[in-house]
Amino acid sequence: MLNDRYLRQSAVTGFENLAQNLSDKRVGIVGLGGLGGLCAYLLVGAGLKNLKLCDFDEVSLSNLHRQVMYDQTSLGLSKAQVLKQRLLNLDESVKVELFPKFEEHNAALFNENLDLILDLTDKVQVRELISDKALSSKVPLIEASVSNTRGQIALFNYKEQNFVKEHGCFRCLAKNMGHMTSPGILGPVASAMASLVALYVMQYFQGQIEAGKIRFIDFLNFKSTEVVLRPDLTCTCQKESS
Ligand SMILES: [Zn+2]
């Protein structure tokens, strides 16, 4: 159902039906910081109507330089609650379900009926748990992170039968490449990466993204490289898939 809201978006070649396509998709976002907040906003703006949001954190002063969905009036408030209200202000028909924390006991409930999970958190143990649960629920997973002036993004299509055998899981990637650990981050880099994740999601639902690759982006130098993901043969995912 297209209307004036999506007029300019539907004029873009390859995205004519994007809003309609997004309208029946269900996306879960874990981590509502600099990446998750803006990404959710852009996706709802583009026509996404069903979201599950997960974050236990409250807005603090040190968040404000990069987490553009929050401001001084949000200090001390739940990020999930503030973001939900921002999304409803943008489109009152959007349905948003909130989860305080992604844990072993509620992972299955979070993953239920999802078409895609976005892991935009920054803690390794949480990321591994999200990936394990996405894999066992067979829900495609986008992993993205940002650090200093660089970002990275990868799509693990756990729904595809041979994906894990060919490309491995997030644990394989973590073993092969390590994690981005620097605490520094620039506001525009976080927002640029959030936009890139939103675009990636749109392209995924339009059938324009090939899974099993990781893209590295150096925002300062406008450089980007892509590497095919390969499994770590010692990883548990390889035993389960063989
Ligand atoms: Zn693995």
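Which strand gives the most to the lining of the largest pocket? I looked this up before anything else. Strand 5 does, with 5 residues. The model I am working from is predicted.

**Pocket**

I noted a space of about 990 Å³ for the largest pocket. Its lining counts 47 residues, and those closest to the pocket centre are Leu-120, Thr-121, Asp-122, Lys-123 and Arg-127. I then listed the elements that supply two or more lining residues: helix 5, strand 5, strand 6 (150-156) and helix 7.

**Zinc site**

I turned to the metal. Four sulfur donors coordinate the zinc ion, namely the SG atoms of Cys-169, Cys-172, Cys-235 and Cys-237, at 2.2 to 2.3 Å. I checked the angles next. They run from 102 to 124 degrees for the 4 donor atoms, so the arrangement is tetrahedral; the cut-off for that label is all angles between 85 and 135 degrees. The donor spacing in sequence reads C-x2-C-x62-C-x1-C. I placed two of the donors in the fold: Cys-172 belongs to helix 7 (residues 170-177), while Cys-235 sits in the loop between strand 8 (223-228) and helix 9 (236-241), so this pair ties together parts 63 residues apart in sequence. I also looked up the burial of Cys-172 and Cys-235, and both are buried.

**Nonpolar core**

In soluble globular proteins, nonpolar side chains tend to be buried together. I therefore looked for the largest nonpolar core here, which has 75 residues. The members that touch the most other members are Ile-29, Leu-118, Phe-156, Tyr-158, Met-193 and Val-197. Helix 8 (residues 187-205) supplies the largest share of this core, with 10 residues.

I followed up Met-193. Neighbours within four places in sequence set aside, Met-193 contacts Leu-35, Ala-144, Ser-145, Val-146, Gly-151, Gln-152, Ile-153, Ile-217 and Phe-219.

**Two buried residues**

I picked Lys-213, which lies in strand 7 (residues 213-218). Is Lys-213 buried or exposed? Its relative accessible area is 19%, which is under the 20% limit, so Lys-213 counts as buried. Leaving out residues up to four places away in sequence, I found Lys-213 touching Ile-153, Ala-154, Leu-155, Tyr-200, Glu-226, Val-227, Val-228 and Leu-229.

Phe-15 was the other entry. I located Phe-15 in the segment before helix 1 (18-22). With a relative accessible area of 14%, Phe-15 is also buried. Its C-alpha atom is separated by 7.4 Å from that of Gln-206, although the two residues are 191 apart along the chain. Gln-206 is also among the residues Phe-15 touches; the others, again without residues up to four places away in sequence, are Gln-9, Ser-10, Met-202, Gln-203 and Gln-208.

**Backbone**

Most residues other than glycine have a negative phi. I noted two with a positive value.

What is the phi of Asn-113? I read a value near 65 degrees. Asn-113 is placed in the loop between helix 4 (107-111) and strand 4 (116-119). Its relative accessibility is 56%, so Asn-113 counts as exposed.

Lys-138 has a phi of about 55 degrees, also positive in a residue that is not a glycine. I found Lys-138 in the loop between helix 5 (124-137) and strand 5 (141-147). At 55% relative accessibility, which is over the 50% cut-off, Lys-138 counts as exposed.

Notes: Residues numbered from 1 in each chain as written. Predicted model: local features only at pLDDT ≥ 70, side-chain atom pairs only at ≥ 80, totals over all residues. Heavy atoms only, no water. Core = buried A, V, L, I, M, F, W, Y, C linked by side-chain atoms within 4.5 Å. Buried < 20%, exposed > 50% of the residue type's maximum accessible area, 1.4 Å probe, protein only. Helix = DSSP H or I, 4+ residues; strand = E, 2+ residues; numbered from the N terminus. Contact = heavy atoms within 4.5 Å. Donors = N, O, S within 2.8 Å, 3.2 Å for Na, K, Ca; no water. Tetrahedral: all angles 85-135°; square planar, octahedral: opposite > 155°, others 65-115°. 1 Å grid on protein atoms, 1.4 Å probe; cavity = no way out; pocket = protein on both sides within 12 Å on 5 of 7 lines; lining within 4 Å. Points joined across faces, edges and corners; volume = space filled by probe spheres on them.
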